[in-house]
Amino acid sequence: MSGNKQIKSALISVFHKEHLDEIVSLLDKQGVALYSTGGTQTFLESQGCKVTAVEDITSYPSILGGRVKTLHPKVFGGILSRRDNVSDKSQMTEYDIPEIDLVIVDLYPFEETVSSGASEQDIIEKIDIGGISLIRAAAKNFKDVVIVSSQKQYKKLHALLQEKNGETSLEDRKEFAREAFNISSHYDSAIFNYFAGDDVASEKINLTDGTVLRYGENPHQKATNYVYNNTKQAVTLAQSRVLQGKQLSYNNMLDADAAWKSASDAFHSVSGIQNKTAVAVVKHLNPCGLAVSDSPMKSLELAWAGDPVSAFGGILCFTSEVDGAIAEWLSKKFIEIIIAPSYSQEAQEILAKKKNLRVLETPVKPEFTGEKMYRSINGAILVQDEDEGLDTEYKSVTKTQFSETQFDLAKFGTQACKYLKSNSIALVSENADGSYWLTGAGMGQPNRLDSLRWLTIPRFNQKEGVNLQKAVLISDAFFPFRDSVEVAHEYGISYIVQPGGSIRDEEVIEACNEFDIAMVFTGRRHFKH
């Protein structure tokens, strides 16, 4: 076949040496001349391979603490020379430069070093210079050279060497080059993002290892899942360990993210409960159930009771281990996904009977992650900070005041309301045993009056034994008029939390005082579109 070339020589210089032994053993058997340096050379020799040191080619030692090893014309000339170019061939002979047909190199673990919290000096030392240069050079000259730029390609290379007895086609080499430029661009973007910090003028988004999904929000829409590495965030939902179940869909992933975030933030918002567990039940991105208590089972039962109709086919997230009793309880329900930090062996055995149920294992989300949110509009991408952190200012603005206990309940409620689609209203209650739960929710309405009157209150009134007068009502944004206060009073609401900031704040405060309603301002709006 036209374009086929035999690998006769290879330069190998890698940071990670795991699983390299099979490759070099096969290259050695096929009579390929091996060039290497430093720790990689030592490794190859330990495998019984004959190796020529790069220093013997360049007549120059590794200098500057290893910062300069392969950056030399005799190395890059051997990679970049065009085999069918007469002038190149002449110069290769003149300067005694050996041709290099295969380059195996990987990059210093820059992203991992940043994520580990290492010092800036350690991070800078993990910016690869020689490796990235070798990758680009070999990928550029794919007509003559094979470039292997990641451990993930070892298996592919090994199979190719065996199948074709050390020969490669132009198509093979071009595919390796494509993968190499993907790796190099990703690496450079990670370095740029580290130096850019919070600079908003430029944004580099690394989308690699895409997985094609069954479809998007609807069957006629195509969708792909890309996992990107946020060097500021050690824990992400995308890194969850999938223990069982069918493939996650586009909608599943969005709902799982909402469940993980709402359960985690509810967990962080409550400080007065020992050995607490938060449980969220999410449907179409909205928490239809949310609870925090001193018992995983109690939190589950309260979260489910928040809206048992909507919970059917929902996504559940726990902030503590799922044990056998919980798994048995869940086995009698139709659920799409369960998320938890861990599962007991008994729980795994029970859940395994539901083959289609997705079971994800991931830690609780930290209170702050530094996550960015990306959304596209026609012709542009919008980027904003994640709405993270707990509201810390609860300013009383009415004659009637919140009690200390109701302030704690309000903090939980604010997190519950934050994850409801705007315009949203949440009602939260405290039980006699000190547990908190979402007892009413209205969301996704063009005005908050409808969210309150037609969604939040009717759902609350379905719950027996819950005292509406002791519940706390939370609004994601300010009340533009006093009408919402009037409706709240009509149904016996006595406590309201809202951000404030309306030009009619005084009218709203006056209405609360008129009805003996306690109200606090948080100073933070939580719109969610």
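This briefing covers a nonpolar surface patch and the internal cavities of the structure. The model is predicted. It holds 2 cavities of 30 Å³ or more. On the outside, five residues, Val383 among them, make a nonpolar patch of about 440 Å².

**Surface patch**
- Ile205, Leu207, Tyr226, Ile381 and Val383 form the patch.
- Val383 sits in strand S17, which runs over residues 380–385.
- The relative accessible area of Val383 is 38%, so this residue counts as partly exposed.
- That value is over the 30% a residue needs to join a patch.

**Largest cavity**
- The largest cavity encloses about 60 Å³ of space.
- Its lining has 13 residues.
- Nearest the centre of this cavity lie Thr414, Ile474, Ser475, Arg524 and His526.
- Helix H16 (404–418), strand S21 (472–475) and strand S22 (495–498) each give at least two lining residues.
- H16 provides the largest share, with 3 residues.
- By class, this lining has 4 nonpolar, 5 polar and 4 charged residues.

**Second largest cavity**
- The second largest cavity encloses about 40 Å³ of space.
- Its lining consists of Cys288, Gly306, Asp307, Leu438, Thr439, Gly440, Ala441, Arg459 and Lys463.
- Strand S20 (residues 436–442) is the main contributor to this lining, with 4 residues.
- The classes here are 3 nonpolar, 3 polar and 3 charged residues.

Key:
Residues numbered from 1 in each chain as written. Predicted model: local features only at pLDDT ≥ 70, side-chain atom pairs only at ≥ 80, totals over all residues. Heavy atoms only, no water. Patch = residues over 30% accessible without salt bridge, like charges linked within 9 Å, V, L, I, M, F, W, Y side chains within 5 Å. Areas by Shrake-Rupley, 256 points an atom, 1.4 Å probe, with all protein chains shown as cover. Salt bridge = Lys/Arg side-chain N within 4 Å of Asp/Glu carboxyl O. Buried < 20%, exposed > 50% of the residue type's maximum accessible area, 1.4 Å probe, protein only. 1 Å grid on protein atoms, 1.4 Å probe; cavity = no way out; pocket = protein on both sides within 12 Å on 5 of 7 lines; lining within 4 Å. Points joined across faces, edges and corners; volume = space filled by probe spheres on them. Nonpolar A, V, L, I, M, F, W, Y, C, P; charged D, E, K, R; others polar.
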